[in-house]
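Reader: I'd like to learn how to read this fold step by step. Could we start with polar contacts and work outwards from there?

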Amino acid sequence: MLLHLFISLFSFTVVPEKPAARFEGTMTFVKMTHYDTTYFAYHVKDYYIRIEEMTKTRELSRVYIVDTQNGAMVALHPKRKLFTTIHVTPNLYAQNPEIEVIRTSNKKRIRGVVCTQWRVRNQKENTEITYWVANDEFYFFRRLIEIVNGVDKINYYFMQIPGAEGFMPVLTEERNLLREKRTHIEMIEIERKIIDPKLFTIPSGFKLFTQ
């Protein structure tokens, strides 16, 4: 789905240097398509992100832990108490000349975060994606997308935005060129708080998954 991620973090190591991500806390997003609704909670601390994927009824289905400094990932299966390391080859997302990027002057506040509207379109693929982007404290996000590296149009189009260090989409809407909506992704909760480092370790009792 969104992510095949996660680090072989058997213990959390505090990075002594200034962290790349200034935001620390938890954000929850909802992703709605014609076929399904999924929730994602992001717990962010320094270079580490824990992503919890939940079903439409908010039942936890997968957990991913990402080390954005070292480009490492681990996936956890909560029900089966298994974990696996994920091989990572960061994708730097080369610019696509068929994609048009438009920065508008439109702004609005979403969950207390001031956002600027960007529109990214591709006539050939009959797609336009509107991103309402925050651009001041979310330095972890672009590096996270490079590492997650899934074949995801939403992420691919977002990475066409130039010079977007610190940018993160708070509201994303994908439509065809007739303005029919395909995908809606929105941040529904944000809480700035100190995150417990234990969230980025493999829980006791989890076993390594081997095929």
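Author: Sure. A polar contact here is a pair of N or O atoms within 3.5 Å, and within protein one must be able to donate a hydrogen and the other to accept it. Keep in mind that we're looking at a predicted model.

Reader: Fine. What does the side chain of Asn122 reach, then?

Author: The backbone nitrogen of Lys124, at 3.0 Å from the Asn122 side chain. Asn122 itself sits in strand β8, which spans residues 113-122.

Reader: Is Asn122 buried or exposed?

Author: The cut-off to remember is that buried means under 20% relative accessible area. Asn122 counts as buried because its relative accessibility is 1%.

Reader: Which residues is Asn122 in contact with, beyond its neighbours within four places in sequence?

Author: Glu98, Ile99, Thr127, Tyr157 and Leu177. Take Leu177: 55 residues separate it from Asn122 in sequence, yet the two C-alpha atoms are 8.9 Å apart.

Reader: Let's zoom out to the sheet. In what order do the strands come?

Author: Read across, the order is β7-β8-β9-β10-β11-β1-β2-β3-β4-β5-β6-β12, making an open sheet of 12 strands with mixed pairing. To find the edges, look for strands that have a single partner: those are β7 (100-110) and β12 (207-208), so each has one side without a neighbour in the sheet.

Reader: How do I read one strand-to-strand step, say β8 to β9?

Author: Ask for the direction and the number of bridges. β8 and β9 run antiparallel and are joined by 7 bridges; as one register marker, Arg121 stands opposite Glu128 in β9. The two strands form a hairpin with 4 residues between them, and Asn126 in that turn has a positive phi of about 55°.

Reader: And what is on the other side of β9?

Author: β10 (residues 168-175), which runs antiparallel to β9 (residues 127-134) and is joined to it by 7 bridges. You can pin the register at two places: Glu128 is opposite Arg175, and Ala134 is opposite Met168.

Reader: How many residues of β9 are buried?

Author: 8 of the 8, so the rest of the structure largely encloses β9. Sort its side chains by the way they point: Thr127, Ile129, Tyr131 and Val133 go one way, Glu128, Thr130, Trp132 and Ala134 go the other, and all are buried.

Reader: Where does the sheet go after β10?

Author: On to β11, which pairs with β10 in the antiparallel sense over 5 bridges. Leu171 stands opposite Glu186 in β11. This is a hairpin too, with 5 residues between the strands, and Arg179 in its turn has a positive phi of about 75°. Then β11 (residues 181-192) meets β1, antiparallel again, through 9 bridges, with Lys31 opposite Ile185.

Reader: Which residue would you pick to look at in β1 (residues 25-33)?

Author: Thr26 is a good one in that strand. Its relative accessible area is 11%, so it is buried. Its side chain makes a polar contact with the side chain of His43, at 2.8 Å. Leaving out residues up to four places away in sequence, Thr26 touches Tyr42, His43, Glu189, Ile190, Glu191, Lys193 and Ile195.

Reader: What about the nonpolar interior? Which residues have the most contacts inside the largest nonpolar core?

Author: Met27, Tyr42, Tyr131 and Phe140, in a core of 44 residues. Helix α1 (residues 140-148) gives the most to this core, with 6 residues. For a feel of the packing, start from Met27: beyond residues up to four places away in sequence, its contacts include Phe40, Tyr42, Phe138, Phe140, Met168 and Met187. There is also a second, separate core of 11 residues, with Val74, Phe83, Ile195 and Phe206 among them.

Reader: Last one: how do I think about pockets?

Author: Rolling a probe the size of a water molecule over the atoms shows where empty space is left. In this model, the largest pocket has a volume of about 270 Å³. Its lining has 12 residues, and Arg62, Ala75, Leu76, His77 and Thr84 lie nearest its centre. The elements that give two or more residues to the lining are β4 (60-67), β5 (72-77) and β6 (82-86).

Reader: Which strand gives the most to that lining?

Author: β6, with 4 residues.

Terms used. Residues are numbered from 1 along each chain as its sequence is written. This is a predicted model: local features need pLDDT of at least 70, side-chain atom pairs count only at pLDDT 80 or more; totals for chains, interfaces and linings use all residues. Side-chain values use heavy atoms; hydrogens and water are left out. Buried means under 20% relative accessible area, exposed over 50%, partly exposed in between (1.4 Å probe, protein chains only). Contact means heavy atoms within 4.5 Å. Two strands pair if DSSP finds at least two bridges between them. A nonpolar core is a set of buried Ala, Val, Leu, Ile, Met, Phe, Trp, Tyr and Cys residues joined through side-chain atoms within 4.5 Å. On a 1 Å grid over the protein atoms alone, a cavity is a set of points where a 1.4 Å probe fits but cannot get out, and a pocket is an open set with protein on both sides within 12 Å along at least five of seven lines; lining residues have an atom within 4 Å of a point. Grid points are joined across faces, edges and corners, and a volume is the space filled by probe spheres set on the points.
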